[in-house]
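These are my notes from going through a structure chain by chain. I begin with the overall figures and end with single residues.

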Amino acid sequence: MDSFRDKIVPVTSILLGVVVVWYVMAVILNAPFQRDLDRRANQTPGIVEFIGKTLAQPKPTLPAPHQVAVNFFENTFLRSITSNRSLVYNAWVTLSSTLLGFAFGTALGIVIAVGIVHVATLDRSLMPWIIASQTIPILAVAPMIIVVLAAIGITGLIPKALISTYLSFFPVAVGMVKGLRSPELTHLDLMHTYNASASQTFCKLRVPASVPFLFTSMKVAVAASLVGAIVGELPTGAVAGIGAKLLAGAYYSQTIDIWSALVAGSVVAALLVMVVGIAGRLVDRAMGGRPA
Amino acid sequence: MSSILSLSSITPRSWQGYAALVLLAGALLLWPLVSATPGYGMATTVLIFILLLVAIEADNFPPMIGVVLLFLGAHGAAWMLLAGITGNEGSARASFYLLLVAAWFLAWRCVTVLSSFRPTSRWASTALRLIIPAIFGAWILIIWEAVTRGAGIPFILLPPPSAIGARIVGSLPVLGADVRQTIFKAVIFGYVAGSSAGFLVAIAADRVPFLRRGLLPIGNMVSALPIIGVAPIMVMWFGFDWQSKAAVVIIMTFFPMLVNTVAGLAASGHMERDLMRTYASSYWQTLFKLRLPAAAPFIFNALKINSTLALIGAIVAEFFGTPVVGMGFRISTEVGRMNIDMVWAEIAVAALAGSVFYGVVALFERAVTFWHPSVRGG
């Protein structure tokens with residue numbers, strides 16, 4: 001009951017407010033064009049009819065929420081999944097490279113973190129570069145990676161996945177370094193009194209201690225990975241995927257398509273983060289964690 | 001011959017030293033370094049070997065002198081290897097790479113010795129903190145340069161760093177115009193506007209608990225969404241010029257600032273807030289004298305995140321349409337024309353701009369939150 005009053009009521013009322021503002025903005029933004037159309041057709045519609053027309057344009061400046069919802073519904077559920085206009089198909093294309101890149105990125109991040117925690121030289125020489133690498137607007141490199149790899153015959157999933165890898169390794173590496181170092185001195189001392197070897201300390205103390213950190217950083221990483229996959233689809237010239245839908249919508253001014261592609265991307269992102277969160281909770285419970 | 005004689009008297013002290021010694025022997029067996037006709041001069045080759053041998057032997061000297069000799073030996077040899085490849089591009093043989101790897105191992109050893117130093121003076125430890133990653137970064141460039149030129153990798157795949165550097169120097173006016181368009185117009189305006197909007201809304205949300213409870217979950221969710229996708233819409237609304245890019249940047253920077261500031265405003269402890277109440281301070285006094293300073297680390301964290309997001313937002317938004325200037329525009333058109341060195345030049349500039357941007361925010365943070373434990377160092 002508390003969570004209902006504290007969370008759901010405010011969130012839904014704010015979302016409702018957003019929808020209302022959206023409708024008002026849609027009417028305002030679409031009105032000039034509609035007035036133009038009416039003048040050319042020599043019509044003088046009443047206010048209600050006029051507002052109805054602004055919300056039903058085929059290529060509106062700002063599509064109304066219901067237009068986006070209808071388009072999203074049609075392209076998600078009413079089209080066959082193999083059609084390249086189906087959002088499910090495009091989302092799947094993006095999702096596959098997201099997941100591949102995410103898997104690579106997570107593995108790479110973990111390996112780097114283990115190296116950094118265990119090799120002092122790496123800690124002092126690599127760590128500053130890992131942090132510096134994130135101040136670089138790496139997405140700018142995306143078109144080049146795609147085109148250059150295409151020049152040597154690598155196309156399709158891998159180049160996009162590489163961009164996702166780059167974006168997702170960092171949160172995992174940093175989170176895991178923090179996680180592997182999270183055991184306190186007393187815990188390490190205890191392992192020491194057990195005469196545990198370095199690998200035993202690693203497997204039985206450091207790894208379990210780092211699991212919560214891993215899942216927290218994987219949530220960030222999977223979202224970043226999706227952004228990488230979407231941007232990676234831009235320079236290939238709108239073949240397939242959510243990024244391609246965005247670009248095609250921008251070329252042909254299909255604003256409703258752009259918005260429904262955005263909605264699809266957001267749904268995918270929310271699902272991915274949710275799945276990682278659930279996996280984290282399951283692993284936590286399997287390891288004997290109790291709700292705090 | 002002289003180098004073979006000296007081999008017998010050399011005793012390495014680390015596995016890197018032994019590995020380098022083995023690699024040197026291998027390089028000697030697989031003579032010569034390159035298959036092209038001019039090749040390396042005899043004097044150069046002998047000098048490379050001597051430099052590496054000195055570096056291996058230097059480990060036995062007192063650490064201070066040893067480290068300097070290691071550094072000079074490894075990097076001198078690498079420098080001569082790179083200098084010698086001019087005119088022999090694409091003809092490097094196994095022996096060339098063995099020498100390169102030997103030099104790399106010795107540089108690694110040098111970094112290992114350096115990281116084992118525990119200098120007492122602050123000045124020296126700061127210098128160490130800079131030198132160690134600098135050597136690492138330099139070796140990425142050295143290996144990149146040696147492999148691209150040694151193996152003769154086609155220019156359009158991966159140009160060597162020296163060519164990229166030459167390109168940067170050669171096209172400064174173009175790069176300058178792009179930076180002015182993308183960073184000084186779109187990024188700075190969008191960053192300031194987006195961050196301040198996020199900050200102000202966070203203050204409002206703090207004032208109205210209902211707003212906070214509603215906005216926080218939404219803000220958290222939005223930060224996981226691919227917001228960059230609004231770029232085509234913004235380009236349609238605000239046109240091709242920098243205004244549309246600034247709009248993308250505003251949207252991208254708004255939510256991190258909102259979420260972090262709200263979290264930061266909750267960071268001050270009950271004790272401190274109670275103290276402010278005993279002083280009968282008003283909401284705004286508490287806000288400015290206690291809660292905003294306590295929130296400063298969170299706010300700066302958002303500013304740092306936003307510094308990268310802003311650059312990414314502006315550059316990616318330019319992929320959707322720009323006037324004929326701007327970093328994103330340059331990258332996408334030069335990729336199409338296969339001028340990969342120009343693309344790399346643009347990326348190097350973007351990287352530099354990103355690091356400077358981040359660095360300025362970090363310096364500003366140190367100046368403002370000098371009292372915070374993480375800055376004071378304990």
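Entry 1, chain A as a whole. I looked up burial first and found that buried residues make up 40% of the 292 residues in chain A; I note here that the model is predicted. For the secondary structure I listed 11 helices and zero strands in chain A, so that I could read its order of elements from the N terminus as α-α-α-α-α-α-α-α-α-α-α. The radius of gyration of chain A is 25 Å, where a compact globule of 292 residues would have a value near 19 Å. Along the principal axes, the C-alpha atoms of chain A fill a box of roughly 90 × 60 × 35 Å. I also checked contacts in chain A with a separation of 6 or more, and 76% of them are accounted for by residues 24 or more positions apart.

Entry 2, domains. The domain assignment splits chain A into domain 1 (2-62) and domain 2 (87-286), and I found the C-alpha centres of these two domains of chain A to lie 38 Å apart. For chain B the assignment gives domain 1 (2-153) and domain 2 (168-376), with 43 Å between their centres, again taken over C-alpha atoms.

Entry 3, the contact between the chains. How many residues of chain B are in contact with chain A? I counted 48 residues of chain B in contact with 47 residues of chain A. The elements of chain B that each supply at least two residues to this side include α5 (94-116), α6 (122-150), α13 (283-318) and α15 (340-368). The most comes from α15(B), which gives eight residues to the side of chain B that touches chain A. By class, I recorded 37 nonpolar, 10 polar and one charged residues on that side of chain B.

Entry 4, nonpolar cores. The largest nonpolar core has 129 residues, and the members that touch the most others are Val248(B) and Val249(B). Helix α11 (residues 242-265) of chain B contributes the largest share of this core, with 15 residues. Leaving out residues up to four places away in sequence, I found that Val249(B) touches Ala186(B), Val187(B), Gly190(B), Tyr191(B), Gly194(B), Ala310(B), Gly313(B) and Ala314(B). Apart from the largest core lies another, of 45 residues, and among them are Ile56(B), Leu98(B), Val111(B) and Ile132(B).

Entry 5, positive phi. As background, I keep in mind that most residues other than glycine have a negative phi. Asn195(A), however, has a positive phi, near 60°, and I located Asn195(A) in the loop between α8 (185-193) and α9 (198-232) of chain A. Because only 12 or fewer neighbours are allowed for an exposed residue, Asn195(A), with 7 other C-beta atoms within 10 Å, is exposed. In chain B, Ala280(B) likewise has a positive phi near 60°, and its place is the loop between α12 (270-278) and α13 of chain B. Ala280(B) counts as exposed because it has 7 C-beta neighbours inside 10 Å.

Entry 6, one helix residue. Is Ala204(B), which I found in helix α8 (residues 172-207) of chain B, buried or exposed? Ala204(B) is exposed, because 12 other C-beta atoms lie within 10 Å and the limit for an exposed residue is 12 or fewer. I last took the separation of the C-alpha atoms of Ala204(B) and Phe254(B), which is 14 Å for two residues 50 apart along the chain.

Notes. Residues are numbered from 1 along each chain as its sequence is written. Chains are lettered from A and ligands numbered from 1 in the order in which they are written. This is a predicted model: local features need pLDDT of at least 70, side-chain atom pairs count only at pLDDT 80 or more; totals for chains, interfaces and linings use all residues. A residue is buried if 20 or more other C-beta atoms lie within 10 Å of its own, exposed if 12 or fewer, and partly exposed in between; C-beta atoms are placed from the backbone. Domain bounds come from an automatic or database domain assignment. Two residues are in contact if their C-beta atoms, placed from the backbone, lie within 7 Å. Helices (H or I, at least four residues) and strands (E, at least two) are DSSP runs, numbered from the N terminus. Ala, Val, Leu, Ile, Met, Phe, Trp, Tyr, Cys and Pro count as nonpolar, Asp, Glu, Lys and Arg as charged, and the others, Gly among them, as polar. A nonpolar core is a set of buried Ala, Val, Leu, Ile, Met, Phe, Trp, Tyr and Cys residues joined through C-beta atoms within 7 Å. The radius of gyration is taken over C-alpha atoms; the globule rule is 2.2 Å times the number of residues to the power 0.38.
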